Amino acid sequence: PLLKARANIKKFGISDIDTRLGNGLMEINFGEADTIVIAGMGGDVISAILGDCDWIKNNKITLLLQPMTSAQVLRKYLLNEGFEILSEVPLSEQSKVYSVIKARFCGKITKYEEGFLYTGKVTAETPDGRLYLKKQASRIEAVIKDLSSLKEKQTEVLKYIKIRDYIDSLLEI
């Protein structure tokens, strides 16, 4: 991947890019970047990358994060670690829908409803927003269906029903 990146940089005539091979953000030092983009990975992996990097907890650094899966894990990590979710933009491409999260460290742990972990700041005001919320509602409905027949999982079923109701309330505009 590093050689391919270098070839693309040369191909497009860009000269002010420094390429490095490393694990997550380990090869980047504090002060070298004011915006970090991590995209195309699962929310759990993105959370681990951020968790391994102490200097990322700085209010001068903007994070642009695009989880392919487990966005709820990433949102929970951010809110529990003192990051503020500034905005989210839902985007759809080829029948897939994702959310791009813009966040920054604020040092305050944010309280949230469980449903927020599945929707973030996405609203139903745009077609992509509605699509994202419907996708999340569908995922939650499938979990409810799978757990409903298991007697020992009824507490979890109630939790997911509350999450579904939260998402449904966002779709009612």
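User: Ground rule first: two strands pair if DSSP finds at least two bridges between them. With that settled, what's the bridge partner of leucine 65 in strand 4?

Analyst: Isoleucine 101. Keep in mind that this is a predicted model.

User: Noted. Which way do strand 2 and strand 4 pair, parallel or antiparallel?

Analyst: Antiparallel, over 4 bridges, with strand 2 covering residues 62-67 and strand 4 covering residues 96-105. Another match across these strands puts threonine 62 opposite arginine 104 in strand 4.

User: And what is the bridge partner of glutamate 84 in strand 4?

Analyst: Arginine 104 again: glutamate 84 has that strand 4 residue as its bridge partner. So you have threonine 62 of strand 2 facing arginine 104, and glutamate 84 bridged to it too. Strand 3 and strand 4 run antiparallel and are joined by 10 bridges. One more pairing in strand 4 is serine 99, the bridge partner of proline 90.

User: Zoom out a bit. What's the strand order in the sheet?

Analyst: The order is 1-2-4-3, in an open sheet of 4 strands with mixed pairing. Strand 1 and strand 3 (83-93) are the edges, each pairing on one side only. On average, neighbouring strands are turned by 15° against each other, with direction ignored.

User: Which helix packs on that sheet, touching strand 2, strand 3 and strand 4?

Analyst: Helix 3, residues 71-80. Its direction makes about 165° with that of strand 3.

User: How does the whole chain lay out, from the N terminus on?

Analyst: The elements run α-β-α-β-α-β-β-α-α-α, and the totals are 6 helices and 4 strands. The C-alpha trace spans about 60 × 35 × 30 Å along its principal axes. Of the 173 residues, 36% are buried. As for contacts between residues at least 6 apart in sequence, 63% of them join residues at least 24 apart.

User: Switching to backbone oddities. What phi does glutamine 94 take in the hairpin of strand 3 and strand 4?

Analyst: A positive one, near 50°, in a hairpin with 2 residues between the strands. Serine 95 lies in that loop between strand 3 and strand 4, and serine 95 also has a positive phi, about 65°, although it's not a glycine. For background, most residues other than glycine have a negative phi.

User: Is serine 95 buried or exposed?

Analyst: Exposed, because its relative accessible area is 78% and the cut-off for exposed is over 50%.

User: Which loop holds serine 70?

Analyst: The loop between strand 2 and helix 3. Serine 70 isn't a glycine either, yet has a positive phi of about 50°. At a relative accessible area of 24%, serine 70 is partly exposed.

User: OK, pockets. How much space lies in the largest pocket?

Analyst: About 600 Å³. There are 22 lining residues, and Arg20, Gly24, Leu25, Ile28 and Val37 lie nearest the centre. Helix 1 (2-11) and strand 1 (35-41) are the elements that give two or more residues to the lining.

User: Which element gives the most?

Analyst: Strand 1, with 6 residues. That's one of the edge strands of the sheet.

User: How do the lining residues divide into nonpolar, polar and charged?

Analyst: There are 15 nonpolar, 4 polar and 3 charged in the lining.

User: New topic: where is glutamine 136?

Analyst: In helix 5, which takes in residues 127-148. Its relative accessibility is 2%, so glutamine 136 counts as buried; the cut-off there is under 20%.

User: Which residues does glutamine 136 touch?

Analyst: Tyr118 and Ile167, leaving out residues up to four places away in sequence.

User: Last one. Why does aspartate 54 count as exposed?

Analyst: Because its relative accessibility is 68%, and exposed means over 50%. Aspartate 54 is found in the loop between helix 2 (43-51) and strand 2.

User: How far is the C-alpha atom of aspartate 54 from that of phenylalanine 30?

Analyst: They're separated by 9.1 Å, with the two residues 24 apart along the chain.

Key
Residues numbered from 1 in each chain as written. Predicted model: local features only at pLDDT ≥ 70, side-chain atom pairs only at ≥ 80, totals over all residues. Heavy atoms only, no water. 1 Å grid on protein atoms, 1.4 Å probe; cavity = no way out; pocket = protein on both sides within 12 Å on 5 of 7 lines; lining within 4 Å. Points joined across faces, edges and corners; volume = space filled by probe spheres on them. Nonpolar A, V, L, I, M, F, W, Y, C, P; charged D, E, K, R; others polar. Axes fitted to C-alpha atoms, helices over the stretch in contact; angles between N-to-C directions. Contact = heavy atoms within 4.5 Å. Buried < 20%, exposed > 50% of the residue type's maximum accessible area, 1.4 Å probe, protein only.
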